[in-house]
Amino acid sequence: MRVLVTGGAGFIGSHTVERLLAQGYPVRVLDDFSTGHLDNLPHHSRLSIITGDIRSRRVVEEAMQGVTHVLHLAAQVSVAASVEAPVSSASINVTGFLNVLDAARAQRVRRLVYASSAAVYGMPARLPIDEDAPTAPISPYGLEKEINDRYAALYRDLYGLPTLGLRYFNVYGPRQDPNSPYSGVISIFCRRLREARPLSVFGDGLQTRDFIYVGDVARANAAALEGGLTGVCNVATGESISLRTLIKALGAVAGKQPLVSYGEARAGDIRESAADNRRLVTALRVSEFEPLGRGLTRLWASCA
Ligand SMILES: NC(=O)c1ccc[n+]([C@@H]2O[C@H](COP(=O)([O-])OP(=O)(O)OC[C@H]3O[C@@H](n4cnc5c(N)ncnc54)[C@H](O)[C@@H]3O)[C@@H](O)[C@H]2O)c1
């Protein structure tokens with residue numbers, strides 16, 4: 001494989017690039033560095049980096065020259081930002097996505113794997129959520145990812161381009177930006193605990209999430225590129241915990257008693273989330289996930 005990773009300088013992208021390089025593949029990164037960082041990436045003879053925007057067809061085509069596989073991760077990743085500025089969000093997450101998808105078709109790329117999201121499911125009618133559950137996104141971001149899934153399915157049928165959408169649940173780990181108010185809850189909690197500030201919880205803290213360590217997501221991405229599965233696939237551990245349990249585990253890792261302030265629940269926040277990850281385990285053969293305590297220990301060490 002010769003792999004193009006869009007968004008490769010970001011949180012999930014940089015961990016995946018490291019993994020692909022370690023597995024011996026040449027990797028090219030296309031990133032506009034809007035939220036990604038050059039120092040997330042290693043110096044490596046098999047790694048090349050292109051600075052550019054996926055909204056430019058010319059840039060995407062150039063980046064795809066000589067590539068056999070594409071991992072498309074570049075996106076506007078914030079649900080809140082998509083609510084505030086839906087048109088700009090869609091320009092990256094729909095038009096930018098289509099640029100990548102169509103260039104992959106035109107250049108006869110062998111396989112395209114892209115980041116979808118658990119956000120496509122919206123408020124789940126039943127748990128755990130499997131890939132056949134109805135999609136009913138409740139944010140522009142979720143809708144954009146659902147549109148990605150539909151376009152990808154159409155491109156498989158119309159043009160025979162093999163595509164796989166990975167529906168990540170809540171990813172955590174080193175390099176997730178703790179300074180962004182839009183970031184994942186665990187990285188924000190880590191930073192606040194380091195600074196001895198209270199952790200703000202919206203609601204009673206009994207809402208549940210499936211938190212998956214970024215190293216496991218990098219494994220899933222590599223397996224998805226190497227394998228032949230098409231369609232969509234949940235990427236999750238299959239075990240959900242409440243925010244209260246998470247805070248306790250983080251306190252144990254940090255050796256500190258976290259101060260917690262509970263506020264109003266946010267409108268539109270999903271109460272319970274739990275993933276069925278059997279497709280990931282059986283079709284992509286990704287299992288034995290990093291236990292929460294170990295993942296949190298690594299994150300705590302990196303969050304100086
Ligand atoms: N982190 C999660 O929990 C999670 C959950 C579900 C889905 N996802 C999806 O996974 C993917 C990666 O997310 P992440 O958490 O690593 O976020 P991230 O912000 O760290 O990574 C996104 C990368 O894309 C780049 N980028 C953004 N817009 C671009 C553009 N127009 N052109 C070129 N590059 C651009 C950014 O600079 C960044 O490096 C995204 O598609 C996101 O929607 C993430």
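Two residues are in contact if their C-beta atoms, placed from the backbone, lie within 7 Å. Helices (H or I, at least four residues) and strands (E, at least two) are DSSP runs, numbered from the N terminus. The model is predicted: local features need pLDDT of at least 70, side-chain atom pairs count only at pLDDT 80 or more, and totals for chains, interfaces and linings use all residues. Residues are numbered from 1 along each chain as its sequence is written.

**Exercise 1. Find the buried side of helix 10 (residues 292–302) and what it packs against.**

Step 1. Apply the burial cut-offs: a residue is buried if 20 or more other C-beta atoms lie within 10 Å of its own, exposed if 12 or fewer, and partly exposed in between, with C-beta atoms placed from the backbone. In helix 10, the residues L292, G295, L296 and L299 are buried.

Step 2. Look at their directions from the helix axis to the C-beta atoms, which define the arc. These residues cover an arc of only 95 degrees around the axis, so they are on the same side of helix 10.

Step 3. Turn to the face away from the buried side, where the exposed residues G293 and A301 are found.

Step 4. List the partners. The buried residues of helix 10 pack against strand 7 (170–172), helix 6 (185–194), strand 10 (211–213) and helix 8 (243–254).

**Exercise 2. Place strand 1 (residues 3–6) among its neighbours.**

Step 1. Recall the general pattern: in a regular strand the side chains alternate between the two faces of the sheet. Strand 1 has both faces covered, with V3 and V5 buried on one side and L4 and T6 buried on the other.

Step 2. Find the paired strands; two strands pair if DSSP finds at least two bridges between them. Strand 1 runs parallel to strand 2 (residues 27–31), and 4 bridges join them. T6 has L30 as its bridge partner in strand 2.

Step 3. Follow the chain from strand 1 through helix 1 (residues 11–22) to strand 2: this β-α-β crossover is right-handed. The term applies if, with the strands pointing away from the viewer, the path from the first strand over the helix to the second runs clockwise.

Step 4. Check strand 4 (residues 69–72), which is also parallel to strand 1 and joined to it by 4 bridges. Here V5 has L71 as its bridge partner.

**Exercise 3. Describe the two domains and how they meet.**

Step 1. Take the bounds from an automatic or database domain assignment. Domain 1 is 3–169 + 214–238 + 275–282, and domain 2 is 172–208 + 240–274 + 290–302.

Step 2. Compare centres: taken over C-alpha atoms, those of domain 1 and domain 2 are separated by 25 Å. The contact takes 18 residues from domain 1 and 12 residues from domain 2.

Step 3. Name the elements on the side of domain 1 that touches domain 2. Helix 1, helix 3 (79–84) and helix 7 give two or more residues, and helix 7 gives the most, with 3 residues.

**Exercise 4. Locate two backbone features in loops.**

Step 1. Find the cis peptide bond, which runs from L127 to P128 with omega near -10 degrees. P128 is in the loop between strand 5 (111–117) and helix 5 (140–159).

Step 2. Find E288, which is not a glycine but has a positive phi of about 55 degrees. E288 lies in the loop between helix 9 (278–282) and helix 10.
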